[in-house]
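Got the viewer open? Here is a short tour, stop by stop, with something to select at each one.

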Amino acid sequence: MSQPTAPSQTVGPEYRPATQLPTATVSTSVSRPNVHILAQTPQLIALLTMIRDKDTNRADFIFYSNRIIRLLVEEGLNHLPVVAKEITTPVGHTYAGVKFEGQICGVSIMRAGESMEQGLRDCCRSVRIGKILIQRDEETSKPKLYYDKLPEDIAERWVLLLDPMLATGGSALMAVDVLISRGVPEDHILFLNLIASPEGAKNFAEQFPKVRVVTAFVDQGLDEKNYIIPGLGDFGDRFYTM
């Protein structure tokens, strides 16, 4: 299966001449308004380089993955609505600020999505987190829902759906179907993802145009086995066992 050439650009601090900057592969663009790709900064590219490397040990894989997850959560929170809030500072002056509108919760797609829960907790104290288990049916090769445990009031919350890898998008699409069946409005769902395939990102964005996707990187494509390439291998295995 032929793949398009991966985009590249010079990466490094802006104050340095372009001739002194290395060239690195950057994210493929996705022409869908509900797909947001993190800025391809030197920090992000360096972190992705570490977790893609087959020689990176498990401890380092977890550490650098957690740093990317934190960036994703912080950016995801920027996509939640806010309302005005005026406060008074300790020196007696007022400050016109904002606060988040409504409550949030996280929902991880087991097992790999559970790796992103701590990053959400680090940013949102006491956040409620639900879980969805979706696996491929061996007979039909299609995703099948095996388990879900969600907050009872999830229909009243903004939901951050967590899964680090988006290949064909089957599991993520079914997870959104589950959330909508529980009363969550489509436009109250944000999908946070580390690495996506262009096919998966486009398919997901078209199926659910009101769900916002926040991803760190859209890779080159899928191989004949539907593995993301260049990818990073099995995220769950590398995070939990290898």
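**Stop one: the aromatic rings**

Start by selecting Phe 235, which is buried at a relative accessible area of 2% (buried is under 20%, exposed over 50% and partly exposed in between, with a 1.4 Å probe and protein chains only). Before going on, note that this is a predicted model, where local features need pLDDT of at least 70, side-chain atom pairs count only at pLDDT 80 or more, and totals for chains, interfaces and linings use all residues. Residues are numbered from 1 along each chain as its sequence is written, and side-chain values use heavy atoms, with hydrogens and water left out.

Now add Phe 239, also buried, at 9%. The two sit 4 residues apart in helix H6 (residues 235–240), about one helical turn; helices here are DSSP runs of H or I with at least four residues, strands are E runs of at least two, and both are numbered from the N terminus.

The whole structure holds 6 aromatic pairs. Rings of Phe, Tyr and Trp (its six-membered ring) pair if their centres lie within 6.5 Å, and planes under 30 degrees apart are stacked, over 60 edge-to-face, the rest tilted. Phe 235 and Phe 239 have ring centres 5.8 Å apart and planes at 20°, so they are stacked. Add Phe 61 and Tyr 240 to see the cluster that ring pairs make with Phe 235 and Phe 239.

**Stop two: H1 against H2**

Next, show helix H1 (residues 42–52) and helix H2 (residues 58–77), which pack at about 145° with axes 9 Å apart. The axes are lines fitted to C-alpha atoms, for helices over the stretch in contact, and angles run from 0 to 180 degrees between N-to-C directions.

For the contact (heavy atoms within 4.5 Å), select Leu 44, Leu 47 and Ile 51, among others in H1, and look across to residues of H2 including Phe 61, Tyr 64 and Ile 68.

**Stop three: the backbone**

What is the peptide bond from Met 110 to Arg 111, cis or trans? It is cis, with omega near 0°, and Arg 111 lies in the loop between strand E6 (103–110) and helix H3 (117–123). Jump to Ile 229 and Pro 230 for another cis bond, again with omega near 0°.

Finish at Ser 126, in the loop between H3 and strand E7 (128–136). Phi of Ser 126 is positive, near 65°, and the residue is exposed at 70%. Most residues other than glycine have a negative phi, and most peptide bonds are trans.
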